Amino acid sequence: MSKESSFDIVSKVDLSEVNNAIQTALKEIENRFDFKGSKSSISLEKEELVLISDDEFKLGQVKDILLGKLVKRDVPIKNLDYQKVEPAAGGTVRQRVKLVQGIDKENAKKINSIIKDAGLKVKTQVQDDQIRVTGKSRDELQQIIQAIRKADLALDVQFINYR
């Protein structure tokens, strides 16, 4: 009997990379001419980004700068959940951006249906915020990974613990 192979499907955001992207974005905001004298800032509170600026237009520019820095650092921007823009103190506006960590039940069902539609002999287990896929053939597991990469999911997924 052959040994079972497996891998885990997870959705994680590296908070240290997010922090580095925030620092470089803040440096760019300080040096840009159109942000001179503005009260624009970006901060990370637990697993949530807080963007603050003078008005919604500048807030959009801050968001664009941050997205550029996040993409350069390979942080998945699909895992950003934008909340609504709200007024803040001192005539500024604030927008909170949640960092989505883990796979929720709805996305786990979508991933499971993709795996079942592939028609391969593999088993899946949902474990908290990750999915474990096991099968006898490593080739089948590779095909599952390719099928999930091709699918248009609402969040970015990574494949870890491939054994």
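The paragraphs below lead through this structure, from its domains to its rings, its charged pairs and its enclosed space. The model is a predicted one, and the residues are numbered from 1 along the chain.

A good place to begin is the division of the protein chain into two domains. Domain 1 is made of residues 5–12 together with residues 102–160, while domain 2 covers residues 15–99. When the centres of domain 1 and domain 2 are taken over C-alpha atoms, 32 Å separate them.

The aromatic rings come next. A pair of aromatic rings is described by the distance of the centres and the angle of the planes. A search of the whole structure finds two aromatic pairs. In one of them, the ring centres of phenylalanine 7 and phenylalanine 159 are 5.8 Å apart and the planes stand at 70°, and because an angle over 60 degrees counts as edge-to-face, this pair is edge-to-face. Phenylalanine 7 belongs to strand S1, which spans residues 5–10, and phenylalanine 159 belongs to strand S8, which spans residues 158–160, so the pair ties together parts of the chain that are 152 residues apart in sequence.

Phenylalanine 7 also forms an aromatic pair with tyrosine 162, and this pair is tilted, with 6.2 Å from centre to centre and 45° between the planes. Here too distant parts of the chain are linked, since phenylalanine 7 is in strand S1 whereas tyrosine 162 is in the segment after S8, 155 residues apart. Taken together, Phe7, Phe159 and Tyr162 form one aromatic cluster. Are phenylalanine 7 and tyrosine 162 buried or exposed? Phenylalanine 7 has a relative accessibility of 0% and therefore counts as buried, whereas tyrosine 162, at 32% relative accessibility, counts as partly exposed.

From rings we can turn to charged side chains. The structure holds 12 salt bridges. One of them joins lysine 123 to glutamate 4, with the closest N and O atoms 3.9 Å apart. Lysine 123 lies in strand S6, residues 122–127, and glutamate 4 lies in the segment before S1, so this salt bridge ties together parts that are 119 residues apart in sequence. With a relative accessible area of 52%, lysine 123 is exposed, while glutamate 4, with a relative accessible area of 34%, is partly exposed.

Another salt bridge is formed by glutamate 28 and lysine 69, whose closest N and O atoms are 2.9 Å apart. This pair links distant parts of the chain, because glutamate 28 is in helix H1, residues 15–31, and lysine 69 is in helix H2, residues 56–72, 41 residues apart. Glutamate 28 counts as partly exposed at 27% relative accessibility, and lysine 69 is buried, with a relative accessible area of 17%.

A further salt bridge connects lysine 58 with aspartate 54, the closest N and O atoms being 3.7 Å apart. Lysine 58 has a relative accessibility of 18%, and because buried means under 20%, lysine 58 counts as buried. Its partner aspartate 54 is partly exposed, with a relative accessible area of 24%. Salt bridges can also share partners, and in this way Glu28, Arg32, Asp34 and Lys69 are joined into one network.

A charge may also be placed over a ring. The charged end of lysine 63 sits over the ring of tyrosine 82, 5.0 Å from the centre of that ring. Both residues appear again in the next feature, for Lys63 and Tyr82 are among the residues that line the largest cavity.

How many cavities of 30 Å³ or more are there? The count comes to one, and the largest cavity has a volume of about 30 Å³. The lining of this cavity consists of Leu49, Leu51, Lys63, Leu66, Leu67, Leu80, Tyr82 and Val97. Strand S3, residues 48–53, helix H2 and strand S4, residues 80–87, each supply at least two residues of that lining. The largest share, three residues, comes from H2.

The last stop is proline 76, which lies in the loop between H2 and S4. At 12% relative accessibility, proline 76 counts as buried. Proline 76 and aspartate 156 are 80 residues apart in sequence, yet 6.1 Å apart in space from C-alpha to C-alpha.

Notes: Side-chain values use heavy atoms; hydrogens and water are left out. Rings of Phe, Tyr and Trp (its six-membered ring) pair if their centres lie within 6.5 Å; planes under 30 degrees apart count as stacked, over 60 as edge-to-face and the rest as tilted. Helices (H or I, at least four residues) and strands (E, at least two) are DSSP runs, numbered from the N terminus. Buried means under 20% relative accessible area, exposed over 50%, partly exposed in between (1.4 Å probe, protein chains only). A charge sits over a ring if NZ of Lys or CZ of Arg is within 6 Å of the ring centre and within 35 degrees of the ring normal. Domain bounds come from an automatic or database domain assignment. A salt bridge is a side-chain nitrogen of Lys or Arg within 4 Å of a carboxyl oxygen of Asp or Glu. On a 1 Å grid over the protein atoms alone, a cavity is a set of points where a 1.4 Å probe fits but cannot get out, and a pocket is an open set with protein on both sides within 12 Å along at least five of seven lines; lining residues have an atom within 4 Å of a point. Grid points are joined across faces, edges and corners, and a volume is the space filled by probe spheres set on the points.
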